[in-house]
Number of protein chains: 2
Amino acid sequence: MDVYDVHTHVVPKGWPDLAAECGGTGWPWLRVDNERAAMLMVGEREWRPIQSACWDAPTRLSDMDADGIDVQVVSPTPLFFSYDRPADQAVRVARIFNDLVLECAAAGGDRLVPFCQVPLQDPDAACAELDRCLAAGHAGVEIGNHVGDRDLDDPGVVEFLKHCAHVGAPVFVHPWDMPDSPRLGRWMARWLTGMPAETHLSMLAMILGGVFDEVPSSLRICFAHGGGSFPYWLGRADNAWHRRGDLVRGRSTHPPSHYIGRFYVDSVVFEEPALRLLVSVVGEDRVMVGSDYPYPLGERPAGQVVRKAEFLTDDQRTKLLTTNARRFLEH
Amino acid sequence: MDVYDVHTHVVPKGWPDLAAECGGTGWPWLRVDNERAAMLMVGEREWRPIQSACWDAPTRLSDMDADGIDVQVVSPTPLFFSYDRPADQAVRVARIFNDLVLECAAAGGDRLVPFCQVPLQDPDAACAELDRCLAAGHAGVEIGNHVGDRDLDDPGVVEFLKHCAHVGAPVFVHPWDMPDSPRLGRWMARWLTGMPAETHLSMLAMILGGVFDEVPSSLRICFAHGGGSFPYWLGRADNAWHRRGDLVRGRSTHPPSHYIGRFYVDSVVFEEPALRLLVSVVGEDRVMVGSDYPYPLGERPAGQVVRKAEFLTDDQRTKLLTTNARRFLEH
C-alpha cells in the first residue's frame, strides 16, 4: 500500500536568466547561499528563504522515508505562475520551469510525480503547454485559483478545465496572489487567513458560476488546504442560496451542497476536529493526504493528522492515504 | 430554562435626519414602503430590503415563540457604526440609535436585551457612550471587528476593551466593512467568504497582537458567526506560530490555542459537522446560540443546529442554549 502526498512544492536549483529568456523585468531568481540554503529573490527583494529539500531529490526521499510517504506529487511554487505577465512571457517561463521540474522529479525515480504549470491567462497556450507536458512525463497540472480579477468561472479558465477533463489530466488548485492591506501585512495573515479565503471564494465561483454544471463530471480537480474555508461554511452558502437566491444563485442549477463529490481536497488542516469536519462534509472518498512540504506552513510529519485521527476507520484511513490519490492520479 | 439567542439585529422604524442632527452627508435613512417592508437607503442607493421584524417587537416575539427562543440580544446593524466618520458625528449617531434601540427593546419587555454601539474611532468617546448606555439600560456593546486599517489590537481599541472588562460589559464582535473587488462583488461573496475571513483575521489580531495577554481575563467577548473561519484554522495558526515564529508570533506570549477559553462564539454555522468542530475547538462552555435574526443569511428556526445536533449531550445542549449566554450576559 503506497502512501501518497498530493500537495508538495518544488523549486529548481537555479534557472536561466528569465529577463533574457522571456523578456520583461522583475523576474524571480535564486540566490544559492550554500548547499543547503538559498533565497528566492524577486528583483532585489528577498522573497522567501528555502532549503535544499526544495530541489534535492535525496533530501526529499529521506524526509519521505521518515514520514512514511511513498509518493509525492511535486507541483510548482505559485510565485512562478506569471499569470499577470504577457502570455508569450508566461509561455516561455512555464516551459523552462516545467522542464526543470521534470529533471527534479526524475532524480526521485517513480516516487516524485511532477505536475506542470500553464499560462492560464491564455487558454489556447495553456492547453498546448499542458499537452506538451503530459507527453513529456508530467502527470497533471497545478493552477492558481484566479487570474487577476478572473476567477475559476472565467470562460477561458473553463475552456482549460474542459480540456483537462478531455485529456484526463488531474488539476490541483492552489491559492495565490492574495490581497494585501495594512491589516493583512502582518504575521503572515495573507497565508493564515488569506489563502483559506481565496480557496473558499474560488470554490464558490466553481459552483455559483455554473462551472460544475458545464464541465464534464470526469474532471478530477483538487483544492489545496482542505478546500480552504469552504467546507466549514457550506451550510452558510446553502442557506444563502435558498433564502437570497435572487443574489446568490448566479449560474448554478443546484445549491452548493449538491456539488459535493465533484472535487477532492487535501488533508493539511492539522487538527483532528478539522479533519473530521472535512471527511463529514466532502466525503471519505474525496480527501487525500497533502502536506505543503517542504514549506514551514505545511504539516510534518506529512500525513500525521490522517494517521493519528481516531475517528477514522481502517478502511477510511486507507482511502485517505492511498486509494483516493490513486483515483485522482489514475496511478 | 430560558433559551437565549445572542446574535440578532434591530433597525428602528425611522430616525431623525442624520445630516441635520450629526453633520456630514451620505447617511443611511429608511424608506418605509408599507407596514411590513422598508428599504435601508444610503444616500440615493438601495442598500438592503428589510422587514418589520427589524423594528416591530410583536413580530419578533411571535417569531421567538415559534423558534423556541425566550430572550434575544438585540444589537445594531453594523451599517450604522460610522467608524469612518469624524468622531463627533459618530458620537451623535450612536446616541440617536442607542436611544432608539432602547425603545425597541422596551417594547419586548424582558425578552429583548439591548446592546449599544460606540464611536470606536475615539476611545474616550466610546467609553463615555458605553457608560451612558449601561446606565440607561443597555446590557452590553456590539463593536465592528476593525476601524479602517486598525484591527482589534489597535491601542485605542484595547483601551476600550479594558474599559469593558472594568465595567463588566459583555462585548459582541461583528464583522463589517469587508473588502470589495470584482471577484468579491458577486453572489454576496463579501458576506459568504468575506465576513468569516474578517472575523478570522481579527481573532488572530487579538492573539498575535498580544491583546489577550494585556486585557484582564474577566473580559467577556464573543465573536459572531462561529468565530468566522478561525476555529477551522486554529491548527494552521499554531503550526505557523511554532515553525515561523520569527514572522508570526507578533506580541503573543503563547501559541494561539493557548487562548481558547478567553472568548465566546455564536452557533450560526448551520450544519452539525461545523457545530461539532466548533464545540471541539472552542469548548462546550464557550458556544452560545446565535442566529443573525432577522436577516436572510441567518438561521431559522433560530438555534436549530444546536437543538438537532446528535453529538451533544443533554448537559452540553443546555450550556449552548442557556447557561453560556447567562454567564456571558451575567443575566
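Q: What makes the meeting of Asp151(A) and Arg183(B) a salt bridge?
A: A salt bridge requires a side-chain nitrogen of Lys or Arg within 4 Å of a carboxyl oxygen of Asp or Glu, and in this predicted model the side chains of Asp151(A) and Arg183(B) meet at 3.0 Å, N to O. The count between chain A and chain B is 6 salt bridges.

Q: On what basis are the values counted, and which residues enter them?
A: Local features need pLDDT of at least 70 and side-chain atom pairs pLDDT 80 or more, whereas totals for chains, interfaces and linings use all residues. Side-chain values use heavy atoms, without hydrogens and water, residues are numbered from 1 along each chain as its sequence is written, and chains are lettered from A in the order in which they are written.

Q: Why is the relation of chain A to chain B that of a two-fold axis?
A: With copies superposed by least squares on C-alpha atoms of residues with pLDDT of at least 70 in both, chain A can be laid on chain B with an RMSD of 0.0 Å by a turn of 180° and a shift of 0.0 Å along the axis, which means that the relation is that of a two-fold axis. The same surface serves both copies, since 100% of the contact residues of chain A (heavy atoms within 4.5 Å) recur in chain B.

Q: How many residues of each chain are in contact, and what area is buried?
A: In chain A 62 residues are in contact with 62 residues of chain B. Buried area is the accessible area (1.4 Å probe) that two parts lose on being put together, summed over both, and here this comes to about 5300 Å², of which carbon and sulfur atoms give 63%.
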